[in-house]
Amino acid sequence: MKWILSEVPDASVVARLQDQLRNLPEPLARSLVLRGIDTFEKARSFFRDTRGDLHDPFDMDGMQAAAERLSSAIRDQEHVAVYGDYDADGVTSTALITHFLRQSGVDTDYYIPSRFEDGYGLHERGINRAAEAGTTLMVVVDCGSTALAEAVYAKELGIDLIICDHHTPGPADPHAVAVLNPKRAACTYPNVSLSACGIAYKLVCATMAIMGDQNPGGDRYLDLVAISTVCDMIPLEGENRILAREGLIELRQARRPSLRELALSARCTIESLSTVDIGFRIGPRLNAAGRIKDASVAVELLLADSIEAAAPLIAELGRLNNERRAQGAKFAREAVRAAKIQLESSDGHALVLHNQEWPPGLLGIAAGRLKDRFNRPTILLTTLRGKATGSARSVASVNIHDALSSCEELLDAFGGHAAAAGVTLPVENIEAFSQRLNSVIGEWWTPDSMESPQLYDADLDLRDVNQRFMNVLRQFSPHGRGNEEPVFRVANLKLAAAPRRVGSAGAHLKLTVRSKDGGEPMGAIGFSLGDKAPALESLESTYEVLASLQENTFMGRTSNQLKLTDIRAQTESTGEAHASLQKNTSMGHSSGQVRLPDYSV
């Protein structure tokens, strides 16, 4: 893995920010600047934004009409249907709107299409079911932006539509009361990357305001918004970061018994619940329902108002998640073999793999893993209802939605965004599609695109890590896409004890390190780095690592810990570079600047 120090446009900006933030350590100031936090005001916003800093929902194009129509349905007690999607964003969106309407006394049904029988998007079967129930208004969440024919069909059946979606829209809007999508050209809402559940939350807030609610914030739904934001890998920047942070606060307070019990069943500590817990423990359980069977199980859990009602649903989600993991392990092995064969036979820029036996609910997960392993945009396809259908995941340098647009005449349907998409095409078009996609991506990529460098924020001396340093670092959270944990290069390290392999089959690496120039030892964990243990046998050698810094609580005791990205023996040239950087780092501060006490920015 090639280690590359991320570049800042102007080193003086880092020094100025250090000065303005009361001699903030250079590695932290550099991490802020790399996130676009390059002034005192931006830093204050980054660290001090509150729920009161969320954007006005009425700034979203169409919100006034949507909120008025929804408030009218509540006032007149119409029958309302919610049409959702089968992933975590879709089920949280569905549960949010359904709960709000039922709490408002409205007769409300919901419909989640089957991944296996319907596929993604708004379909006539769900519209027909709503019409049979006497629905006059349907709120569509996490899909619908390109459902032109389906919207006309709903109108013919006397059903008004409100669409809450965040996927890339088409050239024309569907016929609806309102299409709430910040990505639309007509919309000037400041945050173009809200989750679908975030948009649903905004609709509820706007509706409550129109109805004269004295507390129109809808705070009780922020837990659902946080789950959707993390699970759908929404960039944790600006408003999205506030929504995730405030939603975590709601989750830790455990006001929704069903989510509290789900978190406990996933072995999460409620009081310190994190985005990692959501992404790797809670989210997979919610997603497992739609991947393996029926996403309605997840919606019912989110709507459950007691532990007794939640218990059997949590057990079912646990069973489905175990089944998903077992299927996924077998599928992953097959997909890796197929990827290696394809790469050996062609010098492709993208992986396009098809197997009619692959489970449709696991294609996205596996595509993401292959994308990471081979550093190529990856599309995995199965056969469903006579068509090749599947999921795409892309590397940072390729907008997969744009790439698919260049192959549009070979596809039946596609949708998504820069990093991920869904696609359907005739089976007989797969070969031509693969060739076209590789040609398109080949025109965009440079030779460096095939490399897999590891960027890091700053060099760090382990001896400079104290409680004040950690107090500031803690406030960088919550972490996720767009606000990843700062990664530091820490050099001049000695092993304080022999390395250990831990976890299943010794997959992970456990170390204790210290600076060779003194200081307290610090624990380190390297997930999936167990294979490096044999090369770390010498306690006399000097090492360097790429790592993030975390607080680890075990048996009631909290200590600082390095979470390793990579580790290697330190050469003379890298050691000299590190020493030079430390020597030239400006750590002084001048008087007369606005300061924040004790690093608590």
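A nonpolar core is a set of buried Ala, Val, Leu, Ile, Met, Phe, Trp, Tyr and Cys residues joined through side-chain atoms within 4.5 Å. With that in hand, here are some close-up views of this predicted model.

**Figure 1. The largest nonpolar core and one of its well-connected members, L180.** This core holds 75 residues, and those with the most contacts inside it are L96, I97, L101, L180, Y201, L203 and L286. Helix α8 supplies the largest share of the core, nine residues. A second, separate core has 43 residues, including A43, L511, A524 and L564. Looking at L180 itself, and setting aside neighbours within four places in sequence, you will find contacts with M60, D61, G62, M63 and A66. The contacts of L180 also include I162, I163, C164 and D165, as well as I199 and L203. As general background, nonpolar side chains tend to be buried together in soluble globular proteins.

**Figure 2. A206, a buried alanine in helix α8.** Helix α8 runs over residues 196–210, and A206 lies in this helix. The relative accessible area of A206 is 0%, so this residue counts as buried. Beyond its neighbours within four places in sequence, A206 is in contact with P57, F58, M63 and A67. For a sense of distance, take E308, which is 102 residues from A206 along the chain: the two C-alpha atoms are separated by 33 Å.

**Figure 3. The crossing of helices α9 and α12.** Helix α9 covers residues 222–231 and helix α12 covers residues 275–292. Their axes come within 9 Å and cross at roughly 90°. An angle of 65 to 115 degrees counts as roughly perpendicular, and α9 and α12 are therefore roughly perpendicular to each other. From α9, the residues to look for are A226, I227, V230 and C231. They meet T275, I278, G279, I282, G283 and L286 in α12. Sorted by class, the contact of α9 with α12 has seven nonpolar residues, three polar ones and no charged ones. L286 also appears among the residues with the most contacts inside the largest nonpolar core. A helix has 3.6 residues a turn if it is an α-helix, so residues three or four places apart point the same way.

**Figure 4. M233, in the loop between α9 and α10.** Is M233 buried or exposed? At 53% relative accessibility, M233 counts as exposed. Its phi is near 55°, a positive value in a residue other than glycine. For comparison, most residues other than glycine have a negative phi, and most peptide bonds are trans.

**Figure 5. Helix α10, largely enclosed by the rest of the structure.** Helix α10 spans residues 239–253 and reaches 21 Å from its first C-alpha to its last, close to the 21 Å expected for its 15 residues. Twelve of these 15 residues are buried, so α10 is largely enclosed by the rest of the structure. The buried residues are E239, N240, R241, I242, L243, A244, R245, E246, G247, L248, E250 and L251. They pack against α3, α8, α9, α11 and α12. Just after the helix, A254 takes a positive phi of about 55°.

**Figure 6. Helix α15 and its buried residue A366.** The twelve residues of α15, 363–374, should span 16 Å at 1.5 Å a residue, and the end C-alpha atoms are 16 Å apart, which agrees. Buried in this helix are L363, G364, A366, A367, G368, L370, K371 and F374. These buried residues pack against α14, β7, β8 and β9. A366 has a relative accessible area of 6% and, not counting residues up to four places away in sequence, touches F331 and L380. D277 is 89 residues from A366 in sequence and 20 Å away, C-alpha to C-alpha. After the helix comes N375, whose phi is positive, near 55°.

**Figure 7. Two loop details, at D142 and P478.** D142 is found in the loop between β4 and α7. Although D142 is not a glycine, its phi is positive, about 65°. D142 is buried, with a relative accessible area of 1%. P478 is placed in the loop between α18 and β14. Which form does the peptide bond from S477 to P478 take? This bond is cis, with omega near 5°.

Note on methods: Residues are numbered from 1 along each chain as its sequence is written. This is a predicted model: local features need pLDDT of at least 70, side-chain atom pairs count only at pLDDT 80 or more; totals for chains, interfaces and linings use all residues. Side-chain values use heavy atoms; hydrogens and water are left out. Axes are lines fitted to C-alpha atoms, for helices over the stretch in contact, and angles run from 0 to 180 degrees between N-to-C directions. Helices (H or I, at least four residues) and strands (E, at least two) are DSSP runs, numbered from the N terminus. Angles under 35 degrees count as roughly parallel, over 145 as roughly antiparallel, 65 to 115 as roughly perpendicular and the rest as oblique. Contact means heavy atoms within 4.5 Å. Ala, Val, Leu, Ile, Met, Phe, Trp, Tyr, Cys and Pro count as nonpolar, Asp, Glu, Lys and Arg as charged, and the others, Gly among them, as polar. The expected span of a helix is 1.5 Å times one less than its number of residues. Buried means under 20% relative accessible area, exposed over 50%, partly exposed in between (1.4 Å probe, protein chains only).
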